[in-house]
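Please look at the ligand and its surroundings first, and then follow the strands that contribute to them.

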Amino acid sequence: MKVLNEKQYEQFWTDGYLVVENAVSGDLLQAMQAEFGAWVEASREHSEPYGDTLDGRPRFDLEPGHSSVKPGLRRVNAPVEVSQAYFDAMASSRMTDCVADLIGPNVKFHHSKINSKLPGGETAVKWHQDFPFTPHSNDDLITALLMVDEVTLDNGPLEVVPGSHKGDIYGLWHDGVFTGAVADKVADDCQRKAVTCAAPAGSVCLMHTRLLHGSAANVSTRSRNLFICVYSAEDAVPCSSNPMPTSYEGLVVRGEKTNRIRSLAYSIELPQKPTTASFFDQQAKSDKLVSEVA
Ligand SMILES: O=C(O)CCC(=O)C(=O)O
């Protein structure tokens with residue numbers, strides 16, 4: 001292993017997640033923060049999601065209530081395509097080495113995004129696992145959540161259920177609607193067992209694709225930006241289309257291309273690709289279901 005020690009390796013496979021500090025250099029972190037600050041400034045000029053990604057959906061997604069005075073940039077899709085700093089963090093940082101230590105030696109990139117929770121914003125993420133969004137022939141997939149800002153207990157930290165990557169894969173379809181969230185009963189259980197991942201800026205939370213996780217709204221006065229990269233073992237082949245298609249999908253970031261496929265027996269419902277700029281809109285559908293039922 002290049003970066004992680006045995007204890008960290010064991011911790012990841014036991015708990016399904018691992019937080020590592022200093023996952024990118026100080027200079028790179030500063031460049032990423034500055035880039036995001038510039039994107040927030042630019043968002044003041046817009047009243048609707050804007051910019052183009054590979055499949056024509058907006059690159060920059062705005063929260064309901066966004067205005068030039070109170071900008072609510074909540075998502076940047078595929079930032080690696082428009083920022084050298086974000087590309088370097090994805091492809092050639094200590095974070096990339098950590099991922100290779102866990103699911104390598106051969107690792108490829110799948111997709112990336114920035115989830116931003118600005119102070120006082122309403123965005124929360126409901127409980128889910130990532131695998132049903134991005135099913136592959138095997139589950140050696142890691143979602144790496146790089147903390148571009150310090151993550152504290154009140155600025156919308158990630159919450160996880162330790163060990164849940166070894167359990168069931170929970171459906172994200174309810175009453176014929178893909179909500180991107182687990183059923184309420186499962187969510188209640190998750191909340192009871194939740195552990196919060198707070199850490200200094202520059203830390204990464206490496207999360208197994210089957211780990212149950214979510215996050216609350218930012219009730220603090222500080223922003224919370226996560227740069228989220230999904231990687232897989234090189235021999236894991238996608239079984240559904242990429243939720244955020246990118247010109248870099250399949251880029252081998254560590255090791256080599258083997259042209260092999262490794263598979264696992266499992267059965268799940270296929271996901272529904274978002275038609276808008278982010279899955280926040282898909283998750284909002286479960287609120288609608290609740291209000292329609294109520
Ligand atoms: O932004 C967050 O707090 C969580 C992100 C997440 O759950 C995901 O990208 O799967």
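The points below go from the ligand to the strands and then to a helix.

This is a predicted model, in which local features need pLDDT of at least 70 and side-chain atom pairs count only at pLDDT 80 or more, while totals for chains, interfaces and linings use all residues. Residues are numbered from 1 along each chain as its sequence is written, and side-chain values use heavy atoms, with hydrogens and water left out.

**Ligand**
- The residues around the ligand (one of their heavy atoms lies within 4 Å of it) include Lys113, Val125, Leu158 and Arg224.
- Polar side-chain atoms of Asn115 and Asp130 each lie 2.9 Å from an oxygen atom of the ligand, and for His128 the distance to a ligand oxygen is 3.0 Å.
- Taken alone the ligand exposes 290 Å² (Shrake-Rupley method, 1.4 Å probe), of which the protein buries 98%.
- Two or more residues of the shell come from each of strands S4 (107-117), S5 (125-128), S12 (213-215) and S13 (224-233), where strands are DSSP runs (E) of at least two residues, numbered from the N terminus.

**Strand S13**
- Ten of the ten residues of S13 are buried (under 20% relative accessible area, 1.4 Å probe, protein chains only), and the strand is mostly covered.
- S13 runs antiparallel to S4, to which ten bridges join it, and His111 has Val230 in S13 as its bridge partner; strands pair if DSSP finds at least two bridges between them.
- S13 also pairs in the antiparallel sense with S6 (residues 141-147) over seven bridges, and Leu146 has Phe227 as its bridge partner.

**After a helix**
- Just after H1 (helices are DSSP runs, H or I, of at least four residues), Gly16 takes a positive phi of about 90 degrees.

Key:
A polar contact is a pair of N or O atoms within 3.5 Å; within protein, one must be able to donate a hydrogen and the other to accept it, and residues adjacent in sequence count only if both atoms are side-chain atoms. Buried means under 20% relative accessible area, exposed over 50%, partly exposed in between (1.4 Å probe, protein chains only).
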